Amino acid sequence: MADRRPMVAGNWKMNGRGKDGVALAAALATRAGGMPRAVELLVCPPATLIAMVGKALGATAIALGGQDCHVRPSGAFTGDVSAEMLADLGCRYVLTGHSERRAGHGEDDTTVRAKAEAAHRAGLTAIVCVGETQAERDSGRTLDVIRRQLAGSLPEGATAGNVVVAYEPVWAIGTGRTPTPGDVAGVHDAIRAALGTRFATAEAMRILYGGSVKAGNAAELMAVSNVDGALVGGASLDPDEFWAIAMSVSA
Ligand code: PGA
């Protein structure tokens with residue numbers, strides 16, 4: 001992993017009431033002292049829970065992130081949350097361009113890029129998600145799709161400090177199916193190369209793998225070249241499972 005600090009990020013998606021989020025955060029907080037400092041841990045709760053989760057995490061080193069942000073800092077955008085609002089709650093990260101936003105909310109690369117720029121404006125690090133669908137993979141277009149998404153979604157000012165890339169094959173999200181380590185290596189190597197054509201700090205940028213990461217497969221996936229951590233959905237709702245993933249990354 002060169003000198004890149006691995007990250008394990010939990011994407012809670014639209015799950016949890018206050019008591020659930022606080023209990024999950026508290027369960028992680030009690031373990032946090034045992035976390036190797038080499039690994040950066042992040043949780044991205046739904047917007048309604050961010051303040052409570054931040055409080056439950058207290059002074060631990062576990063970071064907070066949002067799952068999405070609007071491109072503007074404030075204004076007449078009913079139902080939206082800005083990057084500045086996330087920063088105000090103590091977030092340091094925000095996911096942009098998750099496939100559930102791209103597919104479910106019609107977000108294209110231009111929007112994702114504008115959201116990453118909004119994150120930077122607010123002082124947040126954008127975790128920019130890319131990934132191919134099953135049909136794109138079946139037709140041999142995986143790398144073309146990933147390169148196009150990177151080209152369109154990453155702002156010019158991207159650096160290792162303000163951007164993390166997450167490769168999440170759409171067909172692997174929530175399905176229990178994962179690409180082979182060889183396939184993951186092929187995509188992550190291609191992402192590293194693509195970053196290198198545009199960004200001076202490409203070698204130091206972290207590239208996470210996401211899509212059905214579990215305690216049982218994390219060690220194998222995290223050992224792959226150019227995999228610098230994991231973006232975890234379903235398994236991040238179980239503190240034991242999430243912790244086991246984090247520990248396997250640090251191993
Ligand atoms: P999953 O989700 O781990 O439940 O597959 C990953 C994600 O969507 O970030």
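Biologist: Which backbone oxygen does the side chain of Lys 115 reach, and at what distance?

Modeller: A polar contact is a pair of N or O atoms within 3.5 Å; within protein, one must be able to donate a hydrogen and the other to accept it, and residues adjacent in sequence count only if both atoms are side-chain atoms. Here the side chain of Lys 115 reaches the backbone oxygen of Cys 69 at 3.2 Å. This is a predicted model, in which local features need pLDDT of at least 70 and side-chain atom pairs count only at pLDDT 80 or more, while totals for chains, interfaces and linings use all residues. Residues are numbered from 1 along each chain as its sequence is written, and side-chain values use heavy atoms, with hydrogens and water left out.

Biologist: Is Lys 115 buried or exposed?

Modeller: Buried means under 20% relative accessible area, exposed over 50%, and partly exposed in between, with a 1.4 Å probe and protein chains only. Lys 115 is buried, at a relative accessible area of 7%. The residue belongs to helix α5, residues 109-121; helices are DSSP runs of H or I with at least four residues, strands are runs of E with at least two, and both are numbered from the N terminus.

Biologist: Which residues does Lys 115 touch, not counting those up to four places away in sequence?

Modeller: Contact means heavy atoms within 4.5 Å. By that criterion Lys 115 touches Asp 68, Cys 69, Val 71, Thr 96, Arg 101 and Glu 107.

Biologist: Turning to the ligand, which residues come nearest?

Modeller: A residue is near a molecule if one of its heavy atoms lies within 4 Å of it. Of the 13 residues around the ligand, the nearest are Lys 13, His 98, Glu 168, Gly 174 and Ser 212.

Biologist: Which polar partners do oxygen atoms of the ligand have at 2.7 Å?

Modeller: One is an N or O atom in the side chain of His 98, 2.7 Å from a ligand oxygen. Another is a polar backbone atom of Ser 212, also with a ligand oxygen at 2.7 Å. In addition, a backbone N or O atom of Gly 233 lies 2.8 Å from an oxygen atom of the ligand.

Biologist: Where is Ser 212 found, and what is notable about its phi?

Modeller: Ser 212 sits in the loop between β7 and α9. Its phi is near 60°, a positive value in a residue other than glycine. Ser 212 counts as buried because its relative accessibility is 8%.
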